[in-house]
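Work through the exercises below with the sequence and the structure open beside you. Try each task before you read its solution.

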Amino acid sequence: MSDSETIAAGYAFTGPALDLGALLWDGACLPDAQIRIPLPMLNRHGLVAGATGTGKTKTLQLIAEQLSAQGVPVFLADVKGDVSGISAPGVTNDKVAGRAAEVKQQWTATGFPAEFYALGGIGHGIPVRATITGFGPVLLSKVLQLNQTQEQSLGLIFHYADTKGLELIDLKDLRAVVTFLTSDEGRTELKNIGGLSTATAGVILRSLTAFEAQGMADFFGEPDFDTSELLRTASDGRGMVSVLELPAVQDKPQLFSTFLMWMLADLFHDLPEVGDAEKPKLVFFFDEAHLLFNDASKAFLDSITQTVRLIRSKGVGVFFVTQTPKDVPGDVLAQLGNRVQHALRAFTPDDQKALKATVKTFPNSSYDLEEILTGLGTGEAVVTVLSENGAPTPVAVTRLRAPESLMGPIDAATLDAAVKSSSLYGRYAQAVDRESAYEKLTTAEPQPQETPKAAAKKSPPKEDESMVQQVVGSGMFKSLARSVGTQIGREITRSLFGTARRKR
């Protein structure tokens, strides 16, 4: 058996599978040697990598289409705004027809059922929000770029709020509690469990203020998004493709990458164990994955590693999308059994180092991968996946199929119409600002009538005294602080990432 026949035999699966394309060998495309991924192995996670412009987005689209067709819901983060076309039939041309003929693909223009979301409603999509309580201290520390000590202090603040039944809905709720805990009345509340220094509280408050000044307050509030919406199927049985539209916030990478992790953590801690299922409950594509790992603390990375390791037993597959495998920590990379590596550039010493590191992450093969990876064309990739028995398949240089949906964005009017016609739009479109900690604190209790003489002796408030500082000094706040201290059994159960667990 020749080398090419051995490779082709490694992808001859008997069960349901996704078709990626045809084998490339000695510069020729072999249409009868189909390269595939077994459907049950899609919850074993994967990596789609490659330099800018090499076709990563189209690969995501190709995989998402076939998952949807086989009844598997998909989540896609659309950072550049060019994935919305998955909802519309593709347009044929000579290039598409030529590619289909080369790889033995029966190409049919097809649109797929899709829902479009937008963080905080900024941009085109159903608003996705989280409460501060639900988001938790670990992820919020990442967004606020706090150091380890400040992160621990924020965790203490959340612990206090949880145990006292003080639900934190939005940023002003958190700001009020932080200010109270550093006031004369509140300082003793944390004394027995470590306390909160004025300096650390000041850093947290300044970070919250700067965060809000950048227009990010809209991402936190109610109604908070229920991530089980991502698990839906359409009426025809196809999996729903949930597209998170991020072009309007692509300049806020720390925020959107951490929000993606919140979604994944929320799913992980609320879904039941399913073991090895015939097909995944959801496949989650984590685009611009390097942003998640940049400047992450060891505790944060440990939490990511554990989540990725365990979430497959909940039926969720995760694909990280980035430029090189080097962008992903080794402990996470070791769990990504399905690999689609597009072309890499080797223009600089750092590029060459990344290229060599990438080659080492693949099984031994008869290809010269250093040469292959720098010479791949757009829409070509080096592939290895997990076979039906869980073993890695031979490395295969592959000419990928063409997506059958529109390879580009749909127009804004069509996108807005799709959003507003969704059954979910009425549930999440309008923000709700119900009574929470801040509102309770700003409702001053009636005070005894003062005599003119007593009022004259009373010093006026300082001009730079903030509203929150005035609030925590009010009688109502002190009364509330005393009352919440008597509540028992209200502490919120938190997950690995500090997110609040909720029942489906």
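**Exercise 1. Describe the lining of the largest pocket by residue type and by the elements that supply it.**

The model is predicted, and the solution begins with the kinds of residue. The lining of the largest pocket divides into nine nonpolar, 13 polar and nine charged residues. The next step is to place them: the pocket is lined by 31 residues, and those nearest its centre are Thr54, Gly55, Lys56, Lys58 and Thr378. Turning to the elements, helix H2 (56-69), helix H3 (94-102) and strand S9 (316-322) each supply at least two residues of this lining, and the largest share, six residues, comes from H2. The volume of the largest pocket is about 650 Å³.

**Exercise 2. Find how many cavities of 30 Å³ or more the whole structure holds, and describe the lining of the second largest cavity.**

A search of the whole structure finds two such cavities of 30 Å³ or more, and the second largest has a volume of about 50 Å³. Its lining is made up of Thr57, Leu60, Leu76, Ala77, Asp78, Val79, Lys80, Asp82, Val83 and Asp287. Two or more of these residues come from each of H2 and strand S4 (74-78), and S4 gives the most, with three residues. Sorted by type, the lining of the second largest cavity has five nonpolar residues, one polar and four charged.

**Exercise 3. Decide whether serine 242 is buried or exposed, and list its contacts beyond its sequence neighbours.**

First locate the residue: serine 242 lies in strand S7 (residues 241-245). Its relative accessibility is 1%, and serine 242 therefore counts as buried, the cut-off for buried being under 20% relative accessible area. Once neighbours within four places in sequence are left aside, the contacts of serine 242 are with Val74, Phe75, Leu76, Glu115, Tyr117 and Leu230. One of these, Leu76, also belongs to the lining of the second largest cavity.

**Exercise 4. Show on which sides of helix H13 its buried and exposed residues lie.**

Helix H13 (residues 349-360) has 12 residues, and from its first C-alpha to its last it reaches 17 Å, close to the 16 Å expected at 1.5 Å a residue. Its buried residues are Ala354, Leu355, Thr358 and Val359. Because they cover an arc of only 140° around the axis, they are on the same side of H13. The general reason for such a pattern is that an α-helix has 3.6 residues a turn, so residues three or four places apart point the same way. The exposed residues Pro349, Asp350, Lys353 and Lys360 are on the other side of H13. As a last step, look for what covers the buried residues of H13, which includes strand S10 (338-341) and helix H14 (369-375).

**Exercise 5. Check the span of helix H6 against the expected value, and name the helices that its buried residues pack against.**

Helix H6 (residues 148-163) has 16 residues, which should span 22 Å at 1.5 Å a residue, and the 23 Å between its end C-alpha atoms agrees with this. The buried residues in H6 are Gln150, Glu151, Ser153, Leu154, Leu156, Ile157, Phe158, Tyr160, Ala161 and Asp162. They pack against helix H4 (132-135), helix H5 (137-144), helix H7 (171-181) and helix H8 (198-213).

**Exercise 6. State what share of the residues in the protein is buried.**

Of the 504 residues in the protein, 54% are buried, and the protein has 20 helices and 12 strands.

Conventions
Residues are numbered from 1 along each chain as its sequence is written. This is a predicted model: local features need pLDDT of at least 70, side-chain atom pairs count only at pLDDT 80 or more; totals for chains, interfaces and linings use all residues. Side-chain values use heavy atoms; hydrogens and water are left out. Helices (H or I, at least four residues) and strands (E, at least two) are DSSP runs, numbered from the N terminus. The expected span of a helix is 1.5 Å times one less than its number of residues. Buried means under 20% relative accessible area, exposed over 50%, partly exposed in between (1.4 Å probe, protein chains only). The arc is that of the directions from the helix axis to the C-beta atoms. Contact means heavy atoms within 4.5 Å. On a 1 Å grid over the protein atoms alone, a cavity is a set of points where a 1.4 Å probe fits but cannot get out, and a pocket is an open set with protein on both sides within 12 Å along at least five of seven lines; lining residues have an atom within 4 Å of a point. Grid points are joined across faces, edges and corners, and a volume is the space filled by probe spheres set on the points. Ala, Val, Leu, Ile, Met, Phe, Trp, Tyr, Cys and Pro count as nonpolar, Asp, Glu, Lys and Arg as charged, and the others, Gly among them, as polar.
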